[in-house]
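Biologist: I am new to this structure and would like a close look at one part of it. Please take a pair of packed helices, and add whatever helps to place the pair in the whole.

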Amino acid sequence: MSVDIQSLFSGFREELDNYHNQRERVIKASRDVTASSKKVIFALQRIKDCDDSKSIETDETVKTHLDEIKERIESVREDITGEKNQWRYARQFSGSIEEYIEAISFRHYLLHRQIIPLKDVQETIPDVLVTPATYLLGLMDLTGELMRYAIAHLSDNKQDTRQPSKIALQILETLREFQSSAQVLGERDAEKVLGMKEWGKKVSTLNSSLMKVEQAIYSLLVRQMELSSIENDRNTKRHKPN
């Protein structure tokens with residue numbers, strides 16, 4: 001049986017063209033998802049009252065960018081889902097999913113003071129591949145945002161500004177739990193079993209974030225003691241008989 005060589009190679013060319021077009025769509029969508037996720041994070045960092053859950057849930061800037069993310073993912077859903085495509089373009093899209101996880105886990109933490117479970121992440125983007133490795137790397141990036149939020153909201157303006165705020169102390173405890181969990185997992189298992197080659201760098205960043213929060217809270221407490229000592233000295237001199 002003869003084979004039409006021209007038709008055969010035309011079929012190969014068409015398949016390659018489809019692959020490259022599909023890949024370009026995925027890469028562009030990935031960039032857009034990453035950009036919108038960063039905007040969600042920036043908007044959350046600007047929220048002053050983290051105890052006002054309603055303002056966090058209804059923040060228009062956050063909602064707008066989350067809607068943008070869902071629209072971009074939906075636009076390439078056929079390209080990144082299915083038995084073949086979800087792995088075919090995982091490398092091109094996983095970075096944006098990590099950024100997305102960082103954004104929604106930050107929002108979830110401010111609302112509930114808890115880490116968002118993997119199943120809840122998956123429910124927000126049905127059928128899209130979210131591996132345990134991608135989930136963990138996204139959470140490790142979250143620790144940097146928690147550090148920045150803790151330092152920006154170090155003192156409680158509602159009460160005594162010399163005392164560490166409740167959210168700063170909660171974040172400190174959360175970062176310590178992250179550190180303990182990272183030590184249990186271990187760098188070797190993370191890199192070889194889960195394939196997270198950048199795990200060591202992420203853990204180093206986590207340790208640095210934890211140290212910054214600890215030092216900031218420690219400095220605030222020391223300053224409080226110094227001011228209290230100064231006030232006590234003044235009161236003593238004021239009431240000391242001439």
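Modeller: What follows starts with the whole protein, turns to one helix pair, and then looks at a residue and a second pair for context. The model is a predicted one.

The protein has eleven helices and zero strands, so from the N terminus on every element in the run is α. Of its 242 residues, 39% are buried. The accessible surface comes to about 14,900 Å², and carbon and sulfur atoms hold 50% of that area. Among contacts between residues at least 6 apart in sequence, 75% join residues at least 24 apart.

The pair to look at closely is helix 8, residues 132–152, and helix 9, residues 166–185. Their axes come within 10 Å and cross at roughly 150°. Angles over 145 degrees count as roughly antiparallel, and therefore helix 8 is roughly antiparallel to helix 9. The crossing of the two is left-handed. On the side of helix 8, the residues that meet helix 9 are Leu136, Leu139, Met140, Thr143, Leu146, Met147, Tyr149 and Ala150. Helix 9 meets them with Ile167, Ala168, Ile171, Thr174, Leu175, Phe178 and Leu185. By type, the residues of this contact divide into 13 nonpolar, two polar and no charged.

A second pair can be set beside this one. Helix 3, residues 60–75, packs with helix 6, residues 90–112, at an angle of about 150°. The axes of helix 3 and helix 6 are 12 Å apart. The angle makes helix 3 roughly antiparallel to helix 6, and their crossing is left-handed. From helix 3, Val62, Leu66, Ile69 and Ile73 take part, and they meet Phe93, Tyr100, Ile104 and Arg107 in helix 6. The contact of helix 3 with helix 6 contains seven nonpolar residues, no polar ones and one charged.

Phe93 also leads to another part of the chain, since serine 30 is in contact with Gln92, Phe93 and Ser96, leaving aside neighbours within four places in sequence. Serine 30 has its place in helix 1, residues 5–45. The relative accessible area of serine 30 is 7%, so the residue counts as buried. Valine 76 lies 46 residues from serine 30 along the chain, and the C-alpha atoms of the two are separated by 9.5 Å.

Conventions
Residues are numbered from 1 along each chain as its sequence is written. This is a predicted model: local features need pLDDT of at least 70, side-chain atom pairs count only at pLDDT 80 or more; totals for chains, interfaces and linings use all residues. Side-chain values use heavy atoms; hydrogens and water are left out. Axes are lines fitted to C-alpha atoms, for helices over the stretch in contact, and angles run from 0 to 180 degrees between N-to-C directions. Helices (H or I, at least four residues) and strands (E, at least two) are DSSP runs, numbered from the N terminus. Angles under 35 degrees count as roughly parallel, over 145 as roughly antiparallel, 65 to 115 as roughly perpendicular and the rest as oblique. A crossing is left-handed if the near helix is turned anticlockwise from the far one by less than a right angle, and right-handed if clockwise. Contact means heavy atoms within 4.5 Å. Ala, Val, Leu, Ile, Met, Phe, Trp, Tyr, Cys and Pro count as nonpolar, Asp, Glu, Lys and Arg as charged, and the others, Gly among them, as polar. Buried means under 20% relative accessible area, exposed over 50%, partly exposed in between (1.4 Å probe, protein chains only). Accessible areas come from the Shrake-Rupley method with a 1.4 Å probe; for residues, only the protein chains shown count as cover.
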